[in-house]
Amino acid sequence: MADEITVDQLVLEQSVGPITLIDVREADEFAAARVPGARLVPLGTVPDSVDSIPDDGTIYVICHSGARSQRAADYLLAHGRNAISVAGGTSAWVQRGLEYESGPVATEPGA
């Protein structure tokens, strides 16, 4: 099972330098509120997206509350990636009063 960190620990990781953060919620949830720097990879697309997720370090996985991110992190871990789930998810992030982004996101070319 993949490890978990809190949103406070995620803030510390972000303060050290750029991280790979994927958000496995659906597009409408992602548009409503997201952690700055997160990349949308809906849970159902994770198996098809593994090769496009950088594998040169830790992959932090977030969702709304932590259940979907744990499933995605477990999948990534089983496929040779160092993945960690963010417990409490975006909900905990927003409740902590941390800065978040909202609004539609342009689709990446080739995505």
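Let me begin with a definition: helices, of at least four residues, and strands, of at least two, are DSSP runs numbered from the N terminus. With that convention, Ser 85 belongs to strand E5, which covers residues 82-86. Please keep in mind throughout that this is a predicted model.

I shall stay with Ser 85 for a moment. Its relative accessible area is 0%, so Ser 85 is buried. The side chain of Ser 85 reaches the backbone nitrogen of Gln 70, at a distance of 3.3 Å. Setting aside residues up to four places away in sequence, Ser 85 touches Asp 3, Glu 4 and Ile 5, then Val 61, and further Gly 66, Ser 69, Gln 70 and Ala 73.

I turn now to the nonpolar interior. In general terms, nonpolar side chains of soluble globular proteins tend to be buried together. Here, the largest nonpolar core has 14 residues. The members that touch the most other members are Ile 22, Val 24, Val 46, Ile 59, Val 61, Leu 76 and Ala 83. Strand E4 (58-62) and helix H4 (67-78) each supply at least two residues of this core, and H4 gives the most to it, with 3 residues. There is also a second, separate core of 13 residues, which includes Ile 5, Leu 21, Phe 30 and Ala 92.

Two members of the largest core deserve a closer look. Where does Val 24 lie? Val 24 is in the loop between strand E2 (20-23) and helix H2 (27-32). Val 24 counts as buried because its relative accessibility is 0%, and the limit for that class is under 20%. Beyond its neighbours within four places in sequence, Val 24 is in contact with Val 41, Pro 42, Leu 43 and Val 46, with Val 61, Ile 62 and Cys 63, and with Arg 68, Ser 69 and Ala 72. For Ile 62, the C-alpha separation from Val 24 is 6.3 Å, although the two residues are 38 apart along the chain.

The other member is Leu 76, in helix H4. Leu 76 has a relative accessibility of 0% and therefore counts as buried. Among its contacts outside four places in sequence are Ile 22, Val 46, Ile 59, Val 61 and Ala 83. Val 50, Ile 53 and Arg 81 are also in contact with Leu 76. By way of contrast in space, Leu 76 and Glu 29 are 22 Å apart, C-alpha to C-alpha, with their positions 47 residues apart in sequence.

Next, the charged residues. Side chains of opposite charge can pair when their charged atoms come close. How many salt bridges does a search of the whole structure find? It finds 4, and I shall describe three pairs.

In one of them, Asp 8 forms a salt bridge with Arg 96, with the closest N and O atoms 2.8 Å apart. Asp 8 lies in helix H1 (residues 7-16) and Arg 96 in the segment after helix H5 (89-95), so this pair ties together parts that are 88 residues apart in sequence. Both ends are partly exposed: Asp 8 has a relative accessible area of 36%, and Arg 96 has a relative accessibility of 48%.

Another pair is Arg 34 with Glu 101, where the closest N and O atoms are 3.6 Å apart. This pair also links distant parts of the chain, with Arg 34 in the loop between H2 and strand E3 (39-40) and Glu 101 in the segment after H5, 67 residues apart. Arg 34 is buried, at 8% relative accessible area, whereas Glu 101 is partly exposed, at 34%. Arg 34 also lies over the face of Phe 30, at 5.0 Å from the ring centre. As for pairs of aromatic rings, the structure holds 0.

The remaining pair for today is Arg 25 with Asp 23, whose side chains meet in a salt bridge at 2.8 Å, N to O. Are these two residues buried or exposed? Both Arg 25 and Asp 23 are buried; for Arg 25 the relative accessible area is 4%. Arg 25 is found in the loop between E2 and H2. The backbone oxygen of Ala 33 lies 2.5 Å from a polar atom of the Arg 25 side chain. Apart from neighbours within four places in sequence, the contacts of Arg 25 include Phe 30, Arg 34, Leu 40, Pro 42, Cys 63, His 64, Arg 68 and Thr 90.

Key. Residues numbered from 1 in each chain as written. Predicted model: local features only at pLDDT ≥ 70, side-chain atom pairs only at ≥ 80, totals over all residues. Heavy atoms only, no water. Buried < 20%, exposed > 50% of the residue type's maximum accessible area, 1.4 Å probe, protein only. Polar contact = N/O pair within 3.5 Å; in protein donor to acceptor, adjacent residues only side chain to side chain. Contact = heavy atoms within 4.5 Å. Phe/Tyr/Trp six-rings, centres within 6.5 Å; stacked < 30°, edge-to-face > 60°. Lys NZ or Arg CZ within 6 Å of the ring centre and 35° of its normal. Core = buried A, V, L, I, M, F, W, Y, C linked by side-chain atoms within 4.5 Å.
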